[in-house]
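Reader: I'm new to this structure and would like a close look at one part of it. Could you walk me through that part and then show me how the rest fits around it?

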Amino acid sequence: VQLGTDTCDVRLSRNDLVEHLKHHCKHRHVHCPHPSCGVSVAYNRMAAHIEVCPLAHASCPRQCGAPNPTRKSLDAHRSDCPNEPVSCVHAPLGCSHVAPRGQIGQHERDVGVHFVALSKTFVQLQQSHELLQRSHKQQIHQMQQMEGTLQAQSSVLERLQLQATLFEEGFDVLQPVMAKARAGAEAAEAAARAAQARTKAEAVADEVMGKLRCYKCHKPAVVFFKNDLEPERNDLCRVCGF
């Protein structure tokens with residue numbers, strides 16, 4: 001027999017089937033025993049449902065004796081439970097006392113206890129204020145140091161900018177001088193090359209002249225061109241005058 005998604009494997013006569021389905025089958029559907037719930041669950045799963053049923057009756061964990069609160073309303077009950085531990089209403093002022101809700105009122109009316117707690121809190125606040133003041137002064141000092149460092153760096157930057165400007169101006173002034181010097185160097189180099197060429201030519205001429213012989217005396221002759229005494233002759237031998 002199949003009941004919903006569950007299959008019962010019990011074998012019995014057809015005459016006993018109705019009785020089995022109503023009272024004995026572990027897969028038969030039954031209603032939750034809590035009247036406010038009414039959920040239909042398979043018989044073999046009812047125990048697990050009762051463990052989590054939100055409308056099942058549960059006792060207060062603080063044992064306050066509340067009349068049968070349900071599991072669903074238990075959290076709401078804790079906000080009113082007289083045995084629930086709560087902090088003193090003056091906790092923001094430094095009171096750390098914790099007591100059941102039904103007894104905390106007596107403590108909260110004790111002025112002397114709260115005056116002591118308030119005094120301790122005041123001392124702590126004063127100490128915190130002094131620490132904040134010292135920290136504030138240290139921050140101001142650090143900011144002043146940073147400001148001095150920035151001013152020094154700004155002065156260095158201004159000096160560097162002035163030096164760069166002077167360098168650019170000096171470079172503009174030096175450009176013509178450098179151009180003249182470059183031209184002079186080039187002229188001197190050209191003159192040196194010309195002198196070197198002339199010296200080389202003279203050396204070649206001396207070598208050639210040293211190889212010349214006079215036609216008359218057959219000795220090395222030194223030639224003088226364009227003789228003023230004898231204009232018709234263009235050369236004279238220094239030895240024999242030929």
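How many salt bridges does the structure hold?

Author: The structure holds one salt bridge, a term that stands for a side-chain nitrogen of Lys or Arg within 4 Å of a carboxyl oxygen of Asp or Glu. Before we zoom in, a word on the ground rules: this is a predicted model, where local features need pLDDT of at least 70 and side-chain atom pairs count only at pLDDT 80 or more, while totals for chains, interfaces and linings use all residues. Residues are numbered from 1 along each chain as its sequence is written, and side-chain values use heavy atoms, with hydrogens and water left out.

Now for the pair itself. Glu 189 is the acidic partner and Arg 193 the basic one, with 3.3 Å between their closest N and O atoms. In general, side chains of opposite charge can pair when their charged atoms come close. Here the two residues are four apart in helix α5, so about one helical turn separates them. Helices, by the way, are DSSP runs of H or I with at least four residues, strands are runs of E with at least two, and both are numbered from the N terminus. Are these two partners buried or exposed? Neither word fits: Glu 189 is partly exposed at 47% relative accessible area, and Arg 193 is partly exposed at 48%. The cut-offs are under 20% for buried and over 50% for exposed, with partly exposed in between (1.4 Å probe, protein chains only).

Stay on helix α5, which spans residues 111-211 and also carries Leu 174. Leu 174 is partly exposed, with a relative accessible area of 46%. Together with Phe 167, Phe 171, Val 177 and Met 178, Leu 174 forms a nonpolar surface patch of about 510 Å² accessible area. Patches take residues with over 30% relative accessible area and no salt bridge, joining like charges within 9 Å and nonpolar side chains (Val, Leu, Ile, Met, Phe, Trp, Tyr) within 5 Å. The areas come from the Shrake-Rupley method with a 1.4 Å probe, and for residues only the protein chains shown count as cover.

Thr 121 sits in helix α5 too, but Thr 121 counts as buried at 16% relative accessibility. Setting aside neighbours within four places in sequence, Thr 121 is in contact with Leu 93 and Gly 94, where contact means heavy atoms within 4.5 Å.

Next, His 107, which belongs to helix α4 (residues 104-108). His 107 is buried, at 13% relative accessible area. Not counting residues up to four places away, His 107 touches Cys 88, Cys 95, His 97, Val 113 and His 114.

Speaking of cysteines, Cys 32 is in the loop between β3 (29-31) and β4 (40-42). With 6% relative accessibility, Cys 32 counts as buried. Beyond residues up to four places away, its contacts include Cys 37, His 49 and Cys 53. Ala 47 is 15 residues along the chain from Cys 32, and their C-alpha atoms are 9.5 Å apart.

So many cysteines may make you wonder about disulfides. A disulfide is a covalent bond between the sulfur atoms of two cysteines; the rule used here is a pair of cysteine sulfur atoms within 2.5 Å. By this rule the count is zero. For Cys 64, the closest cysteine sulfur is in Cys 60, at 3.6 Å, which is too far for a bond. Cys 81 is in no disulfide either, and its nearest cysteine sulfur, that of Cys 60, is 3.6 Å away. Cys 64 is partly exposed at 23% relative accessibility, whereas Cys 81 is buried at 1%.

Stepping back, the protein chain has five helices and six strands, in the order β-β-α-β-β-α-α-β-β-α-α. Of its 242 residues, 16% are buried. The chain exposes about 19,400 Å², with carbon and sulfur atoms supplying 58% of that. Among contacts with a separation of 6 or more, 8% link residues 24 or more positions apart.

Finally, how far can you trust the picture? The average pLDDT (the predictor's confidence in each residue, from 0 to 100) is 76, and 78% of the residues score at least 70. Among the elements, strand β5 (residues 85-87) has the highest mean, 90, and strand β1 (residues 2-3) the lowest, 44. Residues 1-5 stay under 50. Where pLDDT is low, the predicted coordinates should not be read in detail.
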